Each structure stands twice: as structure tokens, then as C-alpha cells.
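Student: I'd like to learn how to read a protein model feature by feature. Can we walk through one together?
Tutor: Sure, let's bring it up.

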Amino acid sequence: MVRFPVPVLLAIALVARAAPGQSADEKPFLAGVATSNITPWLGDGIVGNFGTLPPAEYVHDELRARCFVLDDGSERIVLVVSDSIYISREVLDEAKRQVTEATGIPADRMLMSGTHTHSSVSARWKNPLQPESEFTEYQQFVAHRIADGVRCAVHNLRPARIAWGTVDLPGQVFCRRWLLEPDARLLNPFGEPDQAKMNPGNRPDLLKPTSPVDPQIGFFALQTPEGRPLGLLANYSLHYVGGVPRHHISADYFGVFADRIQELLGADRLDPPFVGAMSNGTSGNINNNDYSTRRERRKPYEQIHRVADECAQAVHQEYKKLEWHDWVPLGMRQRELELAVRKPTPAQLEHAKRVLAEPERPDQFPHERNYAGKAIQQLESPNTVHVMLQALRIGNLGISAIPFEVFSDTGLELKARSPFKPSFTIELANGGYGYLPTPEEHELGGYETWLGTSKVEVQASVKIVDALLEMFAELTGEQ
């Protein structure tokens, strides 16, 4: 096999973008899609639970990296949605390095995200603020398989048409943070008062949710010039669904959506295969539970299939109305943003040391010992962290990428203020650094704001929104 250096690969790629007899000035629009299997082996711990890692004993459905490559004749961008709770930035950086080495696509033209399924094995560091010196075996595997998926999508590049749309599906998204009656006693792991309660259940002292939800599914779709479906990438602000047995590996509703939209579009058994994907929107404070009413008990995976089917049916109905484009401009911006790392207050640090010094002492506050350890971890972490933000344009569609579990408040603000209509945000993109409450939500307390769950400064969401809007503004001038 002949291996070309990257400069030669870049030259080959530029020549290949124009079909025979077609000048580069005519800007052919190309798209390629592929999936790559990232299912872990059995025996490793499944993430997504408080402090426990039950070993994986059964693969209910395979985990995949779902890859999309778009090319407008002068710009080539990559989007990857992987079935993982999230993947540490350094792992994704390694995947990007491998893609660049093999294809010449620059790393700053790649957006890679996790879906936040709670039924996967970890590809993240124990402390995302302090990368470790070596990758685990699974992290190495994931990086390589993501790169393989992108390379296959590049191989599948062909002339394509593109369209985008939105549809509202309000019945499956609910704010999971609630304010309770004034006499409700809520305390955080350090014994400090909270006003908001995560996942309170259906109880008589519920007052109201703390935030609005974003019911909108945004998506773009790809097809051949003859109208054969190629791929579809959607985005919904739903944390995950769950209802997965404790020891099962599963892609949750994200994977079922991909399968169901393929079925509805009549895109089974195509060559190359159709690829559907559901990315995670701004859902750090959102889940599938309506605590204002009692929820009917479901069998394992039943609710996952219900939600995925409703999402796919809604997208399919909007798909029929789409306006298809033979060519659209692509653009992408990337920026590093420095954020301060949260540190324990003197009182919190004293409390944490006291708890950890008494190993037999039972917890007096919620998850007290767990968060005592997190407080020490935050103390020992660097004082600042650099996070990667991205803004993309696909014609008039805007996509922002944030490496946190983002609150719906932030997602709705970005949609309202973005110059691109429609717009959506992919969270847990290019890494993951915990929850991102707004400053107003920090004031209310609750799990998502606790030190260690939220790892960076209180004003982080404001700075991130400002940076993304600046990048969107830069992209408006690109034609």
C-alpha cells in the first residue's frame, strides 16, 4: 500500500473535489456518510450511575460513531456523533489527528460529540480537568474507530443535495429541576441550603420547574441528485431516556432513532448505507420525566422505543416538506476559551477533610462522602481550563458545539440570538467538562450546580454564548 504525505493528500483531495469536465469555480456539493462500531468488550464498568460502575454483561445494541463529511468545493467539514456518555477531548484530538494524517482534513474542521447514553463504558478521564499520561485500551480503540469511520465517509463522498428543517415535539422533554414549597428542606452535600431539587418525583410540595424546555428537533438531511436518501443528522434537547437494565450496553433512544428514521425513509440496505443520527442538544437540566403527574411503569427499553419513534415520525413528516439545495456554502470557526476552575470555599474544604478523615461515618447530607472527594479533586485541579468551542454554518443553518452538559436556557438564548435560522447546539462536543448552569440557575443550587458536578466558573455560560455569537457573526460574511 502506498502512503502519501499529508501535503500530497491535500493536493489529491483538492483535485478530486471537481468532477471531470467541471471547474472548481462551479462548486460541486459532496457528502459522504459512514458508521463505525465502537461497542466495548464485556466486563468493563458501565457509566451513568452515582459512584458505581456495574460491569457490562450484555450488549443489547451496538454502539456506533456516526460520521458525516460535507464538501462545498472549497470547504470540507466533518461531524461525528458517537454513542458514548461523553468522550474526553484528548481522545477526540487523537481521532482527529489520525483523520488529518490519512485525509488531510484539518482538525479545526471536525466536530465530534457524544450522545450521553448512560449505558456505555467510559472513554473519559476520571478527572476531565487533568488528563492522564496514557489512554486506556478502550480510549485507544474509540479514537481509532472514530477515525476509521470518518475515513470511510470520505471514501463515500459523492454529489449530493442537502436540506434542513425543524419540528416541535414538546411531549417528551421536561425540566428535571423543580422549586418546592418554602418549608421543604433541601441541602447540598456540604450541608448548605438549596432551592432547586433534581428529579424530585411526583410529590405534593412541587411548585414549578426552574427553566423552560426546548421542544424543537432540528436536523439536516442528505440525498443523491436523484433523490435517494444518504443521511440525516438530528438534534433534540433530551438528556437520555433510560429504562435499560443495569448491566446492559445500549445506545439508548439515540440509536433507536437512527434505525427508525432509516426505516421510515425507506433507506434500508442501500450501498453505501444510509446513516441516521440523533445528537444531544442542550439538555443538562432536561429529561423524559414529567414530575407533575405519576408515570406509568414501562418494560425495559419500552420508553426508549416510544420516544425514538415519536421523534422519527415527527422528523419524517417534516422531511416531506423540505426544500432541497444542490449547493450551499459551508463555514466553520473554532476557538479556545479559558475558564476558571471552581474551588471549594474554606468551609467546604474543612467539611470535606472532616468527612474523609472518618471513613466509617455515614453520610449526613446527600452524597456527602462522594462530594467530599470531588471537593478535594477540584482543589487539586489546575486553576484554569481551556475548552474548545465551534460554530458551523451549513447554508442558512447554524450549529454550535459546546463541551458541557448545557442547560436549555443557554440553548434557547443561542437560537434566539443566532444570525442563522434555524440553529441548534450539540452539547458534549469535543470533550466534556461537567454541567453548565446559567448564573441564575447557580443561585438556586441543586445537583447540577454542586461543586464537582459543575467544575468551572459561575459565569462560564455567559462567556461561552458571547464567544459563539462572535463566531456566528464571522460566518455570516462567508459566501
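Tutor: Start with the vocabulary: helices (H or I, at least four residues) and strands (E, at least two) are DSSP runs, numbered from the N terminus. Residues are numbered from 1 along each chain as its sequence is written. Keep in mind that this is a predicted model, where local features need pLDDT of at least 70, side-chain atom pairs count only at pLDDT 80 or more, and totals for chains, interfaces and linings use all residues, while side-chain values use heavy atoms, with hydrogens and water left out.

Student: How many helices and strands does the protein chain have?
Tutor: There are 10 helices and 22 strands in the protein chain. To judge the overall packing, we take the radius of gyration over C-alpha atoms and set it against the globule rule, 2.2 Å times the number of residues to the power 0.38. Here the radius of gyration is 22 Å and the rule gives 23 Å for 479 residues, so the protein chain is as compact as a globular protein of that length. Its C-alpha atoms fill a box of roughly 75 × 45 × 45 Å along the principal axes.

Student: What share of the residues in the protein chain is buried?
Tutor: Buried means under 20% relative accessible area, exposed means over 50%, and partly exposed is in between (1.4 Å probe, protein chains only). By that yardstick, buried residues make up 58% of the 479 in the protein chain. As for the surface, accessible areas come from the Shrake-Rupley method with a 1.4 Å probe, and for residues only the protein chains shown count as cover. The protein chain exposes about 19600 Å², with carbon and sulfur atoms supplying 50% of it.

Student: And contacts? What do they say about the protein chain?
Tutor: Contact means heavy atoms within 4.5 Å. Among contacts between residues at least 6 apart in sequence, 80% join residues at least 24 apart. Take I399, placed in strand 19 (residues 397-402). I399 counts as buried at 0% relative accessibility. Leaving aside neighbours within four places in sequence, I399 is in contact with residues including L79, L111, F220 and F472. I399 and S423 are 24 residues apart in sequence, yet 5.6 Å apart in space, C-alpha to C-alpha.

Student: Where is P40 found, and which residues does P40 touch?
Tutor: P40 is in the loop between strand 1 (30-37) and strand 2 (58-59). P40 counts as buried, at 5% relative accessibility. Not counting residues up to four places away in sequence, P40 touches L63, V121, Y138 and I249. For a separation in space, look at P40 and E457: their C-alpha atoms are 34 Å apart, with their positions 417 residues apart along the chain.

Student: Let's do backbone geometry. What should I expect in general?
Tutor: Most residues other than glycine have a negative phi, and most peptide bonds are trans. Now for the cases here.

Student: Which peptide bonds are cis?
Tutor: The bond from D271 to P272 is cis, with omega near 0°. P272 is placed in the loop between helix 4 (252-264) and strand 15 (275-280). The bond from K421 to P422 is cis too, again with omega near 0°, and P422 lies in the loop between helix 8 (408-417) and strand 21 (423-427).

Student: What about positive phi: is R269 buried or exposed?
Tutor: R269 has phi near 55°, a positive value in a residue other than glycine. R269 is found in the loop between helix 4 and strand 15, and counts as exposed because its relative accessibility is 83%. L428 also has a positive phi, of about 50°, although it is not a glycine. L428 sits in the loop between strand 21 and strand 22 (435-436), and is buried, with a relative accessible area of 1%.

Student: Last one: how many disulfides does the structure hold?
Tutor: A disulfide is a pair of cysteine sulfur atoms within 2.5 Å. The structure holds zero of them.

Student: Why is C67 not bonded to C152?
Tutor: The closest cysteine sulfur to that of C67 is in C152, and because it is 8.2 Å away, it is too far for a bond. C67 counts as buried at 0% relative accessibility, whereas C152 counts as partly exposed at 40%.
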